[in-house]
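Work through the exercises below with the model open beside you. Try each task before reading its solution.

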Amino acid sequence: MSEIRFCPLRGERVIIAPNRLHRPIDFAFCEKERENINECPFERGRENFTPKEIFSLKNERGEWLVRVVPNLYHALSVENRKRSFRDGFFEYAEGLGAHEVVIETPDHFKKMRDYDVFEFRNYLFALKSRYIDLQNDKRLEYISIFKNQGLNAGATLRHPHSQIIATSFIPKDIREEIERKREYFKKHNRALMDDIINEEIKIDKRVVSKNDDFIAFSPFASFFPFEIFIAPLFPISSIALLDEKRLFSLSEILRDIFKRLYEVLGDFDFNLIFKNSPPKTNQRDPNFFYELNDFYRFYIQITPRLYKFAGFEIATKMHINPLSPEEAADKLKNI
Ligand SMILES: [Zn+2]
């Protein structure tokens with residue numbers, strides 16, 4: 001069973017999950033990709049190698065296109081309870097939460113640059129459906145959706161997949177981001193992200209792509225070369241609220257951005273992160289959700305992982321980015 005331990009120095013928790021150590025790691029066999037398919041638990045026809053399916057979308061022949069299953073090597077479990085204990089000076093809790101794997105496609109070798117609009121739409125629809133379902137468990141205070149692509153980004157399996165980890169607490173960084181947005185809204189009566197978007201459109205130096213509903217840009221203070229934010233041009237706080245038209249708009253812009261990134265960077269590792277407002281739960285502070293939908297904007301962060309982190313980043317949580325976002329946007333725009 002996993003545990004959530006609290007570090008009093010850093011004011012943040014850590015998930016201690018010993019069963020994660022036994023995960024298969026297939027990147028060591030990159031040279032022998034063909035053999036790997038026979039051992040891949042995410043192939044069609046090998047459905048019984050994963051835990052019982054939670055969600056799937058199927059084609060007219062009844063074959064799955066996108067599939068969601070519990071993570072066999074889960075860091076957290078819904079079987080655990082929301083209670084904490086003391087261990088002398090220290091504090092810890094049972095590893096309550098959910099940990100799911102979204103198998104994005106039956107094709108082992110496909111990359112996001114190859115997805116068409118319908119594949120992106122199906123992928124986003126699966127994420128939306130899982131988000132809506134997980135929101136119903138009121139013990140879960142935050143739902144993190146992310147994809148690790150490649151070794152540099154922390155992926156351990158090649159088959160295209162994303163993960164959903166729902167926690168019984170809001171991680172410190174997320175909580176701080178919410179409070180910054182709340183403060184900004186109190187002061188200006190506008191969402192921080194809306195003002196950032198308006199500024200990016202006005203100066204038009206870092207906008208890479210735009211359609212009726214979404215904008216993609218290199219953020220002014222990009223932490224990494226070619227970092228991209230995709231944000232909505234309408235007020236929406238989570239993926240749960242995207243209707244069918246906007247799922248397609250988002251699919252279109254994701255497709256465009258990944259085409260551009262692969263064109264400029266070749267085959268690259270990245271993290272893709274979906275930032276949603278926390279679902280409504282019984283927070284200790286009764287005002288926590290007040291105006292949340294007015295000041296929190298859903299957005300997507302794409303972080304290419306062109307190199308590994310080093311001591312400075314871990315020591316200070318600060319990054320040194322060798323490429324200006326203006327130059328990155330310029331390269332991505334002019335492919
Ligand atoms: Zn596979």
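Two strands pair if DSSP finds at least two bridges between them. Helices (H or I, at least four residues) and strands (E, at least two) are DSSP runs, numbered from the N terminus. This is a predicted model, in which local features need pLDDT of at least 70, side-chain atom pairs count only at pLDDT 80 or more, and totals for chains, interfaces and linings use all residues. Residues are numbered from 1 along each chain as its sequence is written.

**Exercise 1. Lay out the sheet**

Task: Give the order of the 10 strands in the open sheet, and state how they pair.

Solution:
- Start with the order: β3-β4-β7-β9-β8-β13-β14-β12-β11-β10. The pairing is antiparallel.
- Next, find the edges. β3 (55–58) and β10 each have a single partner strand, so one side of each is left without a neighbour in the sheet.
- Then take the twist. It averages 15° from one strand to the next; axes are lines fitted to C-alpha atoms, and angles run from 0 to 180 degrees between N-to-C directions.

**Exercise 2. Dissect β7**

Task: Find the bridges that tie β7 to β9, then say which residues of β7 are buried on each face.

Solution:
- Count the bridges to β9. Strand β7 (residues 97–103) and strand β9 (residues 161–167) run antiparallel and are joined by 7 bridges.
- Name two pairs. V102 has S162 as its bridge partner in β9. V101 has Q163.
- Turn to β4 (residues 64–70). It is antiparallel to β7, with 4 bridges between them. Here R67 stands opposite I103 of β7.
- Apply the burial test. A residue is buried if 20 or more other C-beta atoms lie within 10 Å of its own, exposed if 12 or fewer, and partly exposed in between; C-beta atoms are placed from the backbone.
- Read off the result: 7 of the 7 residues of β7 are buried. G97, H99, V101 and I103 lie on one side, with A98, E100 and V102 on the other.

**Exercise 3. Sort the faces of α4**

Task: Which residues of α4 are buried, and which are exposed?

Solution:
- Check the geometry. α4 (residues 192–203) has 12 residues and spans 17 Å from its first C-alpha to its last, close to the 16 Å expected. The expected span is 1.5 Å times one less than the number of residues.
- List the buried set: M193, I197 and E200.
- Look down the axis. The buried residues of α4 fall within an arc of 65°, so they line one face of the helix. The arc is that of the directions from the helix axis to the C-beta atoms.
- Cross to the other side. D195, N198, E199, K202 and I203 are exposed there.
- Identify the cover. It includes β10 (207–210), β11, β12 and β14 (299–304). Contact means C-beta atoms, placed from the backbone, within 7 Å.

**Exercise 4. Probe the core**

Task: Which members of the largest nonpolar core touch the most other members?

Solution:
- Fix the term. A nonpolar core is a set of buried Ala, Val, Leu, Ile, Met, Phe, Trp, Tyr and Cys residues joined through C-beta atoms within 7 Å.
- Pick the hubs among its 60 residues: V102, L127, A216, I228, I230 and I257.
- Expand A216. Leaving out residues up to four places away in sequence, A216 touches V208, S209, I228, I230, I253 and I257.

**Exercise 5. Compare two positive phi values**

Task: Are F226 and E291 buried or partly exposed?

Solution:
- F226 has phi near 65° and lies in the loop between β11 (214–217) and β12 (228–232). F226 is buried, because 25 other C-beta atoms lie within 10 Å.
- E291 has phi of about 60° and sits in the loop between β13 (270–275) and α6 (292–295). E291 is partly exposed, because its C-beta neighbours inside 10 Å number 14.

Conventions
Contact = placed C-beta atoms within 7 Å.
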